[in-house]
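Please open the model in a viewer and keep the sequence panel visible beside it. The stops below are arranged so that each selection leads to the next.

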Amino acid sequence: MDRNTILATPQGPRPDCLRGQALAALAALEWPEKMEAVRAISDSALLDRQREFAAPAGLPGRPARPELVAPAQVKHRSMATQEGRAALLHALAHIEFNAVNLALDILWRFADMPDAFYRDWLRVAREEAYHFDLLRQRLATLGFAYGDFPAHNGLWDMAERTRDDLLARLALVPRTLEARGLDASPMIRNKLAGAGDADSAAIVDIILRDEIGHVAIGNHWFKQLCAQAGKAPVACYAELAQQYDAPRLRGPFNLEARRAAGFDDAELAALQAG
Ligand SMILES: [Fe+2]
Ligand SMILES: [Fe+2]
């Protein structure tokens, strides 16, 4: 369906399109409202690929708590205590909360991509909301809630830096920060399992499985845009990583997960060469 068809619907005002609904979900302040708004975006929502939006102030919407602090101020606690494990799960929940926002942001912000692009990121937004819920429920079982610990905002900071450049967004968010999550997962999982917390470890397994898909989506669209622009992915990534001051990635790398997510041998060699 093209844009004119959508605008000419005879039922009067156009129902808000998929991208408009994503923006509204991004702006939602409280987590229950945000997660509900994500779940409410229907596969049959109209998709207006060309629509340009004026960015409202105050994105992303987020609750007053957790308190946001510098990354160095986020304490690492012992896995031997329930509170220590809850602090780790809380940090993961905050990553997922930001990941929901990141997927929603890519939906409304970047116009003129193929339908499949928007369908892919809607799927990511839903899976991130699912991850957030799994962690939030597990936290509740341990006697804690989202907002009970301070958190840092590194993921969203990178979204800000790349807000005008989709190629950079794909390079730096899914292909760098989410891919770093693939590397970190086995260690986090083993820490939780080692502390006897099999339920939390099982949640990390589910998240890793889905995150491979998210990084794969990032890789797919990054490579597609590189091909359109006549750029070589490895060199293009290195340039963008420098330009946007990407965090330096250190091993051990989860090469199996990275391969499954679509990084090829040349990319993995470049990664390991540092
Ligand atoms: Fe996630
Ligand atoms: Fe993700």
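A residue counts as exposed if 12 or fewer other C-beta atoms lie within 10 Å of its own, as buried if 20 or more do, and as partly exposed in between. The model on display is predicted.

**First stop: an exposed loop residue**

Select D112, in the loop between α4 and α5 (115-141). Is D112 buried or exposed? With 10 other C-beta atoms within 10 Å, D112 is exposed. Inspect the backbone here as well: phi of D112 is near 70°, a positive value in a residue other than glycine.

**The whole chain**

Now zoom out and display the protein chain as a cartoon. The view contains 11 helices and zero strands, so the order of elements from the N terminus is α-α-α-α-α-α-α-α-α-α-α. Turn the C-alpha trace along its principal axes, where the spans are about 60 × 45 × 30 Å. For 274 residues, a compact globule would have a radius of gyration near 19 Å, and the 19 Å of the protein chain agrees with that value. Colouring by burial marks 41% of the 274 residues as buried. A contact map is also useful at this point: among contacts between residues at least 6 apart in sequence, 80% join residues at least 24 apart.

**Two helix pairs**

Two packed helices are described by the angle between their axes and the distance between the axes.

Select helix α7 (residues 166-194) together with helix α8 (residues 198-229). What angle do α7 and α8 make where they pack? The angle is about 160°, and the axes are 8 Å apart. Angles over 145 degrees count as roughly antiparallel, which makes α7 roughly antiparallel to α8. The crossing of α7 and α8 is left-handed. Colour the contact by residue type: the residues involved comprise 20 nonpolar, six polar and five charged.

Move next to helix α2 (residues 18-27) and helix α4 (residues 82-109). The axes of α2 and α4 come within 8 Å and cross at roughly 140°. This crossing, too, is left-handed, according to the value for α2 and α4. To see the contact, show the side chains of R19, A22, L23, A25 and L26 on α2, and of N101, L104, D105, L107 and W108 on α4. The residues of this contact divide into seven nonpolar, one polar and two charged.

**A buried position in α4**

Stay on helix α4 and select A87. How many C-beta neighbours does A87 have inside 10 Å? There are 21, so A87 counts as buried. Setting aside residues up to four places away in sequence, A87 touches R77 and F149. A distance label between the C-alpha atoms of A87 and V74 reads 9.5 Å, for two residues 13 apart along the chain.

**The loop between α3 and α4**

Follow the chain back to the loop between α3 (31-40) and α4 (82-109), and select A45 there. A45 is partly exposed, with 18 other C-beta atoms within 10 Å. Leaving out residues up to four places away in sequence, A45 touches C17, L18 and Q21. One of these partners, Q21, is 24 residues from A45 along the chain, and the C-alpha atoms of A45 and Q21 are separated by 8.9 Å.

P66 lies in the loop between α3 and α4 as well. Centre the view on the peptide bond from R65 to P66, which is cis, with omega near 15°.

**The loop between α9 and α10**

The last selection is the loop between α9 (233-243) and α10 (255-260), the place of P252. Which residues does the cis peptide bond with omega of about 0° join? The bond joins G251 and P252.

D245 is also placed in the loop between α9 and α10. D245 has a positive phi of about 55° although it is not a glycine. With 10 C-beta neighbours inside 10 Å, D245 counts as exposed.

Technical notes: Residues are numbered from 1 along each chain as its sequence is written. Chains are lettered from A and ligands numbered from 1 in the order in which they are written. Helices (H or I, at least four residues) and strands (E, at least two) are DSSP runs, numbered from the N terminus. Two residues are in contact if their C-beta atoms, placed from the backbone, lie within 7 Å. Axes are lines fitted to C-alpha atoms, for helices over the stretch in contact, and angles run from 0 to 180 degrees between N-to-C directions. Angles under 35 degrees count as roughly parallel, over 145 as roughly antiparallel, 65 to 115 as roughly perpendicular and the rest as oblique. A crossing is left-handed if the near helix is turned anticlockwise from the far one by less than a right angle, and right-handed if clockwise. Ala, Val, Leu, Ile, Met, Phe, Trp, Tyr, Cys and Pro count as nonpolar, Asp, Glu, Lys and Arg as charged, and the others, Gly among them, as polar. The radius of gyration is taken over C-alpha atoms; the globule rule is 2.2 Å times the number of residues to the power 0.38.
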